[in-house]
Amino acid sequence: MSYKETLNLPKTSFAMKANLPQREPKMLAQWSDSGLYEKIRTRSAGRPQFILHDGPPYANGDIHLGHALNKTLKDIIIKSKTLSGFDAPYVPGWDCHGLPIEINVEKKTGKAGAKITAKEFRQACREYAPKQIKGQREDFKRLGILGEWDNPYLTMNFPFEANIIRTLGKMIENDHVYRGLKPVNWCCDCGSALAEAEVEYADKTSPSVDVAFSFVDASFVATTMKASVDSSVSIDVVIWTTTPWTLPANLAVSLHSEVEYALVSCEVDGQHKQLVLAQELVDNAMERYAASNVNVLGTCQGCDLEKQLLSHPWLSRKVPVILGEHVTIESGTGA
């Protein structure tokens, strides 16, 4: 007996093998030839609309897994909403401006303003972007994504660019655009603003340094700490920093409001010093400075020194003492 004949299996015309590499292109070609997307649009007319705004990819390079995930998830949403009774069109788009395109064009033409004019460079970018769009569009179609592929929105289209200017004008009229203080990432090489996601930080190792800032009103510090001091010697708060290259831009010194600070008299390299630093870090700092004749003259909390002015070590600038929760006493000087 043949056991095969005893099994109650469905009778279908399905092929034994999926053969997707061969069958999928034929299936997608059938969708295209039959105008499937256009028929769906016609059938959906009059239904409640569901609009998915497509955040466009850059018109640059072959698609990758990120593109595939993005477009596939959007396609699932559109098809689901269509089956749920909505009119859900999908208009794909491409971002035709920005560094990814400019950098690749630069490799072929050279930098704008150097080897070619800015106008010629923009034209080269306009010629480059459509070639990238064509390749990406065919790949997206190959993923089975339905949409208005023959009528995408492109940021390089002149009507699109004109609408950007019109919208900016409305924003200015409504006082939504103003000048303020906000850091903008800037590429010195490209001469262009950078999105935050385009900035890559490299590890940098800098020497740590201890730097003395002299109190402008030394008598206030002595009185606050109830200390008997040598009036002929300045009283300096010692900061510790691992980014010494920021010192020219220094505008303040931070202390912790609740940390106890000590005024220390000591000898460093044969010179008499009167230094203010976190009490818990005195021993560690004195060892680092190879100091001798160390004496603690008085103490106070960081909040007692708030707003006192200090002299920048080499610039003719006065900077205030401010308070910050980020200040720790795990290392350094507590300032």
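In this predicted model, the largest nonpolar core is made up of 26 residues. Within that core, F215, M225, V237, V276 and L305 have the most contacts. Quite a few elements chip in two or more residues each: the strands are β5 (209-215), β6 (235-241), β7 (253-255), β8 (260-268), β9 (271-278) and β12 (318-323), and they are joined by the helix α7 (218-224).

F215 is a handy place to start looking around. Leaving aside residues up to four places away in sequence, F215 touches V221, I235, D236, V237, V276, L305, Q308, L309, L310 and V321. Three of these neighbours, V237, V276 and L305, turn up again in the list of core residues with the most contacts. There is also a second core, separate from the one around F215, and this one has 23 residues. Among its members are A59, W94, I101 and L154.

Away from the cores, a couple of asparagines have backbone angles worth a look. Most residues other than glycine have a negative phi. N19, however, is not a glycine and still has a positive phi of about 50°. N19 lies in the segment before α1 (20-33). With a relative accessibility of 40%, N19 counts as partly exposed, because that value falls between the 20% and 50% cut-offs.

N293 tells a similar backbone story: it has a positive phi of about 50°, again without being a glycine. This asparagine belongs to strand β10 (residues 292-301). The relative accessible area of N293 is 56%, which is over 50%, so N293 is classed as exposed.

Note on methods: Residues are numbered from 1 along each chain as its sequence is written. This is a predicted model: local features need pLDDT of at least 70, side-chain atom pairs count only at pLDDT 80 or more; totals for chains, interfaces and linings use all residues. Side-chain values use heavy atoms; hydrogens and water are left out. Helices (H or I, at least four residues) and strands (E, at least two) are DSSP runs, numbered from the N terminus. Buried means under 20% relative accessible area, exposed over 50%, partly exposed in between (1.4 Å probe, protein chains only). A nonpolar core is a set of buried Ala, Val, Leu, Ile, Met, Phe, Trp, Tyr and Cys residues joined through side-chain atoms within 4.5 Å. Contact means heavy atoms within 4.5 Å.
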